[in-house]
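Trainee: Would you please choose one part of this model and take me through it closely? I should like to see how each piece of the description follows from the one before.

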Amino acid sequence: LPHSFEIEFNVVSELAKEHKNLHIMFPYICEMDEIDFGLEYARKYSFPNKISCMMETPAALWHAREIEKRGIEHFLIGMNDLSSLVVGASRGSGYDRHNHPAILGMLKTLRSDLKNSRLSIAGYMKPAFYDLAKDTGMDAISVHYSSFPAFFGEKFKDYRDMDFMLNFKKSDNRKRLRLWAQSLLDVANDNDSMTIQGLHWHRKG
């Protein structure tokens, strides 16, 4: 790991001593080694506040009981990534349905596995999913601010920067597309090129 990681962890730990609402959440967990790694650094730098875990991958749900045994008591289920990975659909495509029976079944199983922990849900959700989430036994739901009008009424439709992240992602995607297109042109115009992998290409030996 770069030395900057240790500097960052140390800074966060020092700030947390003065700000009791500053906590750590481990994201995109697939292996227990990742949990142990994070907890090792938390101990190394005496992180004083709460440590929680995102549950975005099926692997994280599989390890849920073991994660809880490590002393973690708050889990936040990232519905956007979880639903995408479970049903095999791109995020935001319309096919990554939060109400898919497999998703709801996994949430109920997770609630059963983690009886003594706090379970929350976060993501881009529609109001219709609210009751389904309650039925699975979730303790809380975090609604993205872009969904405020749908959940709480028209008074939120003029909420400041409502489309900020959407517009940012569109701009970022356009930049990525231009880079990818330039990469294709570079390869097409180079007789020594062989294959394209993402934005990179390899010359023949």
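Mentor: Let us begin with a term that will return throughout: a residue is called buried when its relative accessible area is under 20%, and exposed when that value is over 50%. By this criterion, 33% of the 205 residues of the chain count as buried. Please keep in mind that the model is predicted. The chain contains 9 helices and 7 strands. Among the contacts whose separation is 6 or more, 52% are made by residues 24 or more positions apart.

The part I propose to examine is the sheet, together with the helices that can be related to it. Strands of a sheet pair through backbone hydrogen bonds, either parallel or antiparallel. Here 5 strands form an open sheet in the order S1-S2-S3-S4-S5, and the pairing is parallel. Strand S1 (24-26) and S5 lie at the edges, each pairing on one side only. From one strand to the next, the twist averages 25 degrees.

Within this sheet, strand S4 (residues 118-123) deserves particular attention. Of its 6 residues, 5 are buried, so that the strand is mostly covered. S4 is joined by 5 bridges to strand S3 (residues 74-78), and these two strands run parallel. In that pairing, glycine 78 has alanine 122 of S4 as its bridge partner. S4 also pairs with strand S5 (residues 140-143), again in the parallel sense, over 4 bridges. Serine 120 stands opposite alanine 140 of S5, and glycine 123 stands opposite valine 143. You may wish to trace these pairs on the model, with one general rule in mind. In a regular strand the side chains alternate between the two faces of the sheet.

We may now move to the edge strand S1, where phenylalanine 26 is found. Phenylalanine 26 has a relative accessible area of 8%, which is under 20%, and the residue is therefore buried. Apart from neighbours within four places in sequence, phenylalanine 26 is in contact with Ile35, Gly38, Leu39, Ile51, Ser52, Cys53, Met54 and Ile72. One of these, methionine 54, is 28 residues away along the chain, yet the two C-alpha atoms are separated by 5.9 Å.

The loop between strand S2 (51-55) and helix H3 (58-62) holds threonine 57. Its relative accessibility is 3%, and because this is under 20%, threonine 57 counts as buried. Beyond its neighbours within four places in sequence, threonine 57 touches Tyr28, Ile29, Cys30, Leu82 and Leu85.

Next we come to helix H5 and its partner. Two packed helices are described by the angle between their axes and the distance between the axes. The axes of helix H5 (residues 79-87) and helix H6 (residues 101-113) come within 10 Å, crossing at roughly 120 degrees. An angle from 65 to 115 degrees would count as roughly perpendicular and one over 145 as roughly antiparallel; the angle here fits neither class, and H5 and H6 are therefore oblique to each other. Their crossing is right-handed. On the H5 side the contact involves Met79, Leu82, Ser83 and Val86, which meet Ala102, Ile103, Met106 and Leu107 of H6. These contact residues comprise 7 nonpolar, 1 polar and no charged.

Helix H5 also holds asparagine 80. With a relative accessible area of 12%, asparagine 80 is buried. Not counting residues up to four places away in sequence, asparagine 80 touches Arg91, Asp96, His98, Ala122, Gly123 and Tyr124. Two residues on this list, Ala122 and Gly123, bring us back to S4, which spans residues 118-123.

A second pair of helices may serve for comparison. The axes of helix H1 (residues 3-18) and helix H2 (residues 32-44) come within 10 Å and cross at roughly 60 degrees. That angle makes H1 oblique to H2. The crossing of H1 and H2 is right-handed. Phe5, Glu6 and Phe9 of H1 meet Phe37, Gly38, Tyr41, Ala42 and Lys44 of H2. In this contact the residues divide into 5 nonpolar, 1 polar and 2 charged. Gly38 of H2 has already appeared among the contacts of phenylalanine 26, a residue of S1; we thus end at the edge of the sheet, where S1 lies.

Terms used: Residues are numbered from 1 along each chain as its sequence is written. This is a predicted model: local features need pLDDT of at least 70, side-chain atom pairs count only at pLDDT 80 or more; totals for chains, interfaces and linings use all residues. Side-chain values use heavy atoms; hydrogens and water are left out. Axes are lines fitted to C-alpha atoms, for helices over the stretch in contact, and angles run from 0 to 180 degrees between N-to-C directions. Angles under 35 degrees count as roughly parallel, over 145 as roughly antiparallel, 65 to 115 as roughly perpendicular and the rest as oblique. A crossing is left-handed if the near helix is turned anticlockwise from the far one by less than a right angle, and right-handed if clockwise. Contact means heavy atoms within 4.5 Å. Ala, Val, Leu, Ile, Met, Phe, Trp, Tyr, Cys and Pro count as nonpolar, Asp, Glu, Lys and Arg as charged, and the others, Gly among them, as polar. Buried means under 20% relative accessible area, exposed over 50%, partly exposed in between (1.4 Å probe, protein chains only). Two strands pair if DSSP finds at least two bridges between them.
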